[in-house]
Amino acid sequence: MPYVDGFVLAVPKANLEAYKEMARLGAQVWMEHGALSYVECLADDVPYGELTSFPRAVQAKDDEVVVFSWATYPDRAARDATMAKVMADPRLKSDPATMPFDGKRMIWGGFESFVAV
(Lines give C-alpha, C1' and ligand atoms only; values in the text may rest on other atoms or scores of the structure.)
Protein backbone atom coordinates (compact mmCIF):
# COMPACT_ATOMS: atom_id res chain seq x y z
CA MET A 1 0.00 0.00 0.00
CA PRO A 2 1.37 3.44 -0.87
CA TYR A 3 2.57 6.00 1.63
CA VAL A 4 0.89 9.39 1.07
CA ASP A 5 1.95 12.97 1.75
CA GLY A 6 -1.06 15.30 1.85
CA PHE A 7 -1.17 19.09 1.63
CA VAL A 8 -3.93 21.69 2.04
CA LEU A 9 -3.29 25.39 1.47
CA ALA A 10 -4.94 28.64 0.40
CA VAL A 11 -3.76 30.45 -2.73
CA PRO A 12 -4.76 34.02 -3.53
CA LYS A 13 -6.75 33.98 -6.78
CA ALA A 14 -4.43 36.68 -8.13
CA ASN A 15 -1.49 34.26 -7.70
CA LEU A 16 -3.18 31.16 -9.10
CA GLU A 17 -1.24 31.05 -12.39
CA ALA A 18 2.07 31.47 -10.53
CA TYR A 19 1.04 28.68 -8.17
CA LYS A 20 0.12 26.39 -11.08
CA GLU A 21 3.54 27.02 -12.64
CA MET A 22 5.22 26.21 -9.32
CA ALA A 23 3.07 23.06 -8.95
CA ARG A 24 3.98 21.81 -12.43
CA LEU A 25 7.66 22.17 -11.58
CA GLY A 26 7.05 20.51 -8.22
CA ALA A 27 5.35 17.56 -9.90
CA GLN A 28 8.31 17.12 -12.22
CA VAL A 29 10.81 17.27 -9.35
CA TRP A 30 8.84 14.91 -7.07
CA MET A 31 8.43 12.35 -9.86
CA GLU A 32 12.10 12.54 -10.86
CA HIS A 33 13.12 11.90 -7.26
CA GLY A 34 10.90 8.87 -6.65
CA ALA A 35 7.23 9.74 -6.12
CA LEU A 36 4.78 7.27 -7.67
CA SER A 37 2.19 9.99 -8.28
CA TYR A 38 1.65 13.70 -7.69
CA VAL A 39 -1.75 15.43 -7.79
CA GLU A 40 -2.82 19.07 -7.33
CA CYS A 41 -6.53 19.97 -7.04
CA LEU A 42 -8.44 23.26 -6.81
CA ALA A 43 -11.43 23.41 -4.48
CA ASP A 44 -14.72 23.12 -6.32
CA ASP A 45 -17.21 21.97 -3.68
CA VAL A 46 -15.81 22.81 -0.23
CA PRO A 47 -18.41 24.60 1.87
CA TYR A 48 -17.33 26.75 4.79
CA GLY A 49 -18.25 24.60 7.79
CA GLU A 50 -19.61 25.76 11.12
CA LEU A 51 -16.76 24.13 13.06
CA THR A 52 -14.39 22.53 10.56
CA SER A 53 -13.82 22.58 6.83
CA PHE A 54 -11.02 22.86 4.31
CA PRO A 55 -11.40 26.68 4.09
CA ARG A 56 -11.40 27.02 7.89
CA ALA A 57 -8.38 24.74 8.26
CA VAL A 58 -6.19 27.06 6.17
CA GLN A 59 -7.95 30.30 7.14
CA ALA A 60 -8.88 30.91 3.50
CA LYS A 61 -9.95 34.46 2.70
CA ASP A 62 -12.65 35.47 0.22
CA ASP A 63 -10.05 36.15 -2.47
CA GLU A 64 -8.33 32.76 -2.06
CA VAL A 65 -8.92 29.26 -3.36
CA VAL A 66 -8.18 26.09 -1.38
CA VAL A 67 -5.70 23.66 -2.92
CA PHE A 68 -5.57 19.99 -1.93
CA SER A 69 -2.62 17.97 -3.15
CA TRP A 70 -0.88 14.70 -2.51
CA ALA A 71 2.06 12.57 -3.57
CA THR A 72 2.42 8.82 -3.18
CA TYR A 73 5.43 6.61 -2.57
CA PRO A 74 6.02 2.87 -2.19
CA ASP A 75 6.56 3.24 1.58
CA ARG A 76 7.71 5.62 4.31
CA ALA A 77 11.41 4.98 3.67
CA ALA A 78 10.99 5.84 -0.03
CA ARG A 79 9.08 8.98 0.94
CA ASP A 80 11.80 10.09 3.34
CA ALA A 81 14.48 9.51 0.68
CA THR A 82 12.42 11.33 -1.97
CA MET A 83 11.73 14.29 0.32
CA ALA A 84 15.43 14.67 1.16
CA LYS A 85 16.22 14.87 -2.57
CA VAL A 86 13.32 17.24 -3.26
CA MET A 87 14.31 19.60 -0.46
CA ALA A 88 17.91 19.67 -1.79
CA ASP A 89 16.88 20.24 -5.41
CA PRO A 90 18.01 23.73 -6.51
CA ARG A 91 15.01 24.08 -8.87
CA LEU A 92 12.76 24.47 -5.84
CA LYS A 93 14.85 27.01 -3.95
CA SER A 94 12.95 30.27 -3.60
CA ASP A 95 12.56 33.21 -1.29
CA PRO A 96 9.56 32.63 1.02
CA ALA A 97 8.59 36.27 0.42
CA THR A 98 7.99 35.53 -3.28
CA MET A 99 5.94 32.35 -2.78
CA PRO A 100 2.46 32.55 -4.39
CA PHE A 101 0.81 31.44 -1.11
CA ASP A 102 1.25 31.82 2.65
CA GLY A 103 3.21 28.75 3.74
CA LYS A 104 2.39 29.43 7.40
CA ARG A 105 -1.21 28.39 6.72
CA MET A 106 -0.33 25.21 4.81
CA ILE A 107 -1.25 21.90 6.44
CA TRP A 108 0.76 18.83 5.49
CA GLY A 109 1.55 15.39 6.78
CA GLY A 110 2.44 11.81 5.91
CA PHE A 111 -0.09 8.99 6.02
CA GLU A 112 0.05 5.21 5.90
CA SER A 113 -2.59 3.73 3.59
CA PHE A 114 -4.87 1.04 4.91
CA VAL A 115 -7.37 0.86 2.02
CA ALA A 116 -6.43 1.38 -1.62
CA VAL A 117 -8.44 0.18 -4.60
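**Exercise 1. Place Leu92 and find its contacts.**

Leu92 sits in the loop between α3 and β4 (107–112). The model is a predicted one. Decide whether Leu92 is buried, partly exposed or exposed, then list what Leu92 touches.

*Solution.*
- Step 1. Take the relative accessibility of Leu92, which is 26%. Buried means under 20%, and exposed means over 50%. Leu92 therefore counts as partly exposed.
- Step 2. Look for contacts, leaving out residues up to four places away in sequence. Leu92 touches Leu25, Gly26, Val29, Trp30 and Val86.
- Step 3. Check one partner along the chain and in space. Leu25 and Leu92 are 67 residues apart in sequence. Their C-alpha atoms are 8.0 Å apart.

**Exercise 2. Describe the two sides of α1.**

Find which residues of α1 are buried and which are exposed on the other side.

*Solution.*
- Step 1. Start with the helix itself. α1 has 17 residues and spans 24 Å from its first C-alpha to its last. That is close to the 24 Å expected at 1.5 Å a residue.
- Step 2. Pick out the buried residues of α1: Leu16, Tyr19, Ala23, Gly26, Val29 and Trp30. They lie on the same side of α1, because they cover an arc of only 135° around the axis.
- Step 3. See what this side meets. The buried residues of α1 pack against β1, β2, β3 (64–73) and α3.
- Step 4. Turn to the other side of α1. Glu17, Glu21 and Arg24 are exposed there. Glu21 counts as exposed because its relative accessibility is 59%.
- Step 5. Add a distance. The C-alpha atoms of Glu21 and Gly110 are separated by 24 Å, and the two residues are 89 apart along the chain.

**Exercise 3. Repeat the analysis for α3.**

Which residues of α3 are buried, and what do they pack against?

*Solution.*
- Step 1. Check the span. α3 has 13 residues and reaches 18 Å from first C-alpha to last, close to the 18 Å expected at 1.5 Å a residue.
- Step 2. Name the buried residues of α3. These are Ala78, Arg79, Thr82, Met83 and Val86. Their arc around the axis is only 130°, so they fall on the same side of α3.
- Step 3. Follow their packing. The buried residues of α3 pack against β1, α1, β3 and β4.
- Step 4. Look at the other side of α3, where Ala77 and Ala88 are exposed.

**Exercise 4. Characterise the largest pocket.**

How many residues line the largest pocket, and which element gives the most to the lining?

*Solution.*
- Step 1. Give the volume: the largest pocket holds about 840 Å³ of space.
- Step 2. Count the lining, which has 28 residues. Met22, Trp30, Leu92, Met99 and Phe101 lie nearest the centre of the pocket.
- Step 3. Assign elements. β1 (3–12), α1, β2 (37–42) and α3 (76–88) each supply at least two lining residues. α1 gives the most, with seven.
- Step 4. Sort by class. The lining has 19 nonpolar, five polar and four charged residues.

**Exercise 5. Inspect two positive phi angles.**

Where does Gln59 lie, and what is its phi? Which residue just after α1 has a positive phi?

*Solution.*
- Step 1. Recall the background. Most residues other than glycine have a negative phi.
- Step 2. Take Gln59. This residue is not a glycine, yet its phi is positive, about 55°.
- Step 3. Locate Gln59 in the loop between α2 (54–57) and β3. At 55% relative accessibility, Gln59 counts as exposed.
- Step 4. Turn to the end of α1. Gly34, just after α1, has a positive phi of about 125°.

Technical notes:
Residues numbered from 1 in each chain as written. Predicted model: local features only at pLDDT ≥ 70, side-chain atom pairs only at ≥ 80, totals over all residues. Heavy atoms only, no water. Buried < 20%, exposed > 50% of the residue type's maximum accessible area, 1.4 Å probe, protein only. 1 Å grid on protein atoms, 1.4 Å probe; cavity = no way out; pocket = protein on both sides within 12 Å on 5 of 7 lines; lining within 4 Å. Points joined across faces, edges and corners; volume = space filled by probe spheres on them. Helix = DSSP H or I, 4+ residues; strand = E, 2+ residues; numbered from the N terminus. Nonpolar A, V, L, I, M, F, W, Y, C, P; charged D, E, K, R; others polar. Expected span 1.5 Å × (residues − 1). Arc of directions from axis to C-beta. Contact = heavy atoms within 4.5 Å.
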